[in-house]
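Here are a few short exercises to help you find your way around. Try each task before you read its solution.

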There are 2 protein chains.
Amino acid sequence: MSSEQQTTRRIVLAARPHGEPKDSDVRFEEAPLPELADGQALLQTLDLSLDPYMRGRMSSAKSYAAPVEIDQTMVGATVSRVLQSTDSAFAPGDIVLGYGGWQTHSVESTSYLRKLDTSSVPASTALGVLGMPGFTAYSGLLTIGAPKEGETVVVAAATGPVGSAVGQIAKIKGARAVGIAGGPDKVAYLTDELGFDAAIDHRADDFADQLKAAVPGGIDVYFENVGGKVFDAVLPRMNTYGRIPVCGLVANYNLTELPDGPDRSGALMGQILSRSLTVRGFIQTEFANDQFDSFLRDASGWVADGSLKYREHVVEGFDNTLDAFRGMLSGKNFGKTVVRIAE
Amino acid sequence: MSSEQQTTRRIVLAARPHGEPKDSDVRFEEAPLPELADGQALLQTLDLSLDPYMRGRMSSAKSYAAPVEIDQTMVGATVSRVLQSTDSAFAPGDIVLGYGGWQTHSVESTSYLRKLDTSSVPASTALGVLGMPGFTAYSGLLTIGAPKEGETVVVAAATGPVGSAVGQIAKIKGARAVGIAGGPDKVAYLTDELGFDAAIDHRADDFADQLKAAVPGGIDVYFENVGGKVFDAVLPRMNTYGRIPVCGLVANYNLTELPDGPDRSGALMGQILSRSLTVRGFIQTEFANDQFDSFLRDASGWVADGSLKYREHVVEGFDNTLDAFRGMLSGKNFGKTVVRIAE
């Protein structure tokens, strides 16, 4: 081990954002890392995953996970290279999946690391199609949505890492897949590259009418990761006994107050009642113990045989992390957002 | 068979109500009944069941069942006496459960009739604790709510035929039962007679605080049959992985427009997400084929051994039907509402 102390460049939360995170809500700083204790590894971050849930961690509101404290490093999954290790199972040069956060280097307990086999797929897939986003799609769609052959599955943010997997897994299971995305390039990608049965641009003036036309038999499963006006257009099209796995509500994350009325919450409950709908919130961790291994086996096979494609939106350079994060929250990414911090 | 033609006195829908049904929304009339065809019975209505779902049938809005047409007899389950029959399985004098509607006599196909054994329980229980309301409680609570031993179940309209069964079945299954009702008599009845662990008056100024105090471990199952401000107080108390079977929303049924804002529908979805809640609308017919027989066996046993008590709110006289219906929608009944039309 080197006796020189390793430092990290990191992004800490400076203030809880009100609406879209501002530059002043975070702070870049350089800090020393601790010496390695037993069972730890010093890691160099190669790729940092940016995901919508991180907006929730910036807030102090009650959620499914504790918020990031002020002056603490923003959390996040990372693909990293082992530089030093006090665990013989991890050697310098190993490429691992960890949870290093928004920083260039980290010290982590090796019990949280998973060694990645990069012989057939890029390591960054462990942050997307073969990682948490892919597993979110797999577990939520199959366990809660449970699409049957011939049923119609609708998903928004459909070119993102979760949505694209939802639609493709729906197809693999014999369902119809209808994707919603923003802009003609994304819409074309859904049908031309990913094999969705239909795709709709939520920016179109007649979006609700286009959706109606795309689901002549109604909607059996709506995988909710957006909320807002997409949900408003979807709800009247839901079939009796329809299922709505609620995975995210990115349209709400930067809202600073409740929208103007009227209050439609009672009407929403009325629709749930009159159509016998199932609306079920979930976080993928609920299913990880039971299903992650089968997911990894299934999804690796589907990636290998071409039935599950993925696309990455790689942003080069640690300095661009906050911009990339804001872009992802507003749909400017095209595919899974990854910040490439080192090669 | 008599050659004299039988007539019926009946209540037809005269207009679709706007808000609470007015006298002018219905019309009493006398009409002849048809001669019996094969496999039919002429019935004299003894007891007419009044239930919240009937308000939905008065509206033309899309729901889980077709609306009653203007000038048609209002629908409803009835306990009736067979006067004549062209089916040898039914004899004059038999007491049957049927679907005769709001009228003094009816002609029904015998395939829709169930002969009632009145040796140990009154026939009217087939309209309440041993009928559709009891089955609604049983199927929704056990299939969707699925309370585990020691979990907390909350139900509103808790002295009504559905709510009282929900709480008592929760107790039978080892859960804590907390009931919500309107007025001190009903609240006392829940704890003193039905054995609920706690009961709260929704008319109290500090209702939400009382509810919070009554569920120190949070709420695992909320059986929703009311909506409105009760739901507003319940939602923040729901535990992670909580279940909300949505059976009815009686607080909304007479609403003529959406309430003022802000719009809390997105916030409701946010709660479903952050607490991993299951919100599931249902109508008991969904489960009838699979579960009605086991319900009738279980519930009859519980009634016999005293663990499932019931209370009837009997209104004497067909002329009082509409008043009784309005009273039930506004919570003036105390127990299962039945109109006694004949002895």
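**Exercise 1.** Find the residues that form one aromatic cluster together with F135(A).

*Solution.* In this predicted model, F135(A) shares one aromatic cluster with Y138(A), F292(A), F295(A) and W302(A). Now look at helix α2(A), where both F135(A) and Y138(A) are buried.

**Exercise 2.** Work out whether helix α2 of chain A is enclosed or open.

*Solution.* Start with the count: 11 of the 14 residues in α2 (residues 132-145) of chain A are buried, so this helix is largely enclosed by the rest of the structure. Among the buried ones are P133(A), G134(A), L141(A) and I144(A). Just after the helix comes A146(A), with a positive phi near 45 degrees.

**Exercise 3.** Describe how α8(A) and α7(B) pack.

*Solution.* First, the geometry: helix α8 (residues 265-274) of chain A and helix α7 (residues 265-274) of chain B have axes 7 Å apart, at an angle of about 60 degrees. The two helices are therefore oblique to each other. Next, the contacts: S265(A), L268(A) and M269(A) meet S265(B), L268(B) and M269(B). By class, that gives 4 nonpolar, 2 polar and no charged residues.

**Exercise 4.** Which rings do the charged K115(A) and R311(B) lie over?

*Solution.* Take chain A to begin with: the charged end of K115(A) sits over the ring of F90(A), 5.5 Å from its centre. In chain B, R311(B) lies over the face of Y189(B), 5.2 Å from the ring centre.

Definitions and conventions:
Residues are numbered from 1 along each chain as its sequence is written. Chains are lettered from A and ligands numbered from 1 in the order in which they are written. This is a predicted model: local features need pLDDT of at least 70, side-chain atom pairs count only at pLDDT 80 or more; totals for chains, interfaces and linings use all residues. Side-chain values use heavy atoms; hydrogens and water are left out. Axes are lines fitted to C-alpha atoms, for helices over the stretch in contact, and angles run from 0 to 180 degrees between N-to-C directions. Helices (H or I, at least four residues) and strands (E, at least two) are DSSP runs, numbered from the N terminus. Angles under 35 degrees count as roughly parallel, over 145 as roughly antiparallel, 65 to 115 as roughly perpendicular and the rest as oblique. Contact means heavy atoms within 4.5 Å. Ala, Val, Leu, Ile, Met, Phe, Trp, Tyr, Cys and Pro count as nonpolar, Asp, Glu, Lys and Arg as charged, and the others, Gly among them, as polar. Buried means under 20% relative accessible area, exposed over 50%, partly exposed in between (1.4 Å probe, protein chains only). Rings of Phe, Tyr and Trp (its six-membered ring) pair if their centres lie within 6.5 Å; planes under 30 degrees apart count as stacked, over 60 as edge-to-face and the rest as tilted. A charge sits over a ring if NZ of Lys or CZ of Arg is within 6 Å of the ring centre and within 35 degrees of the ring normal.
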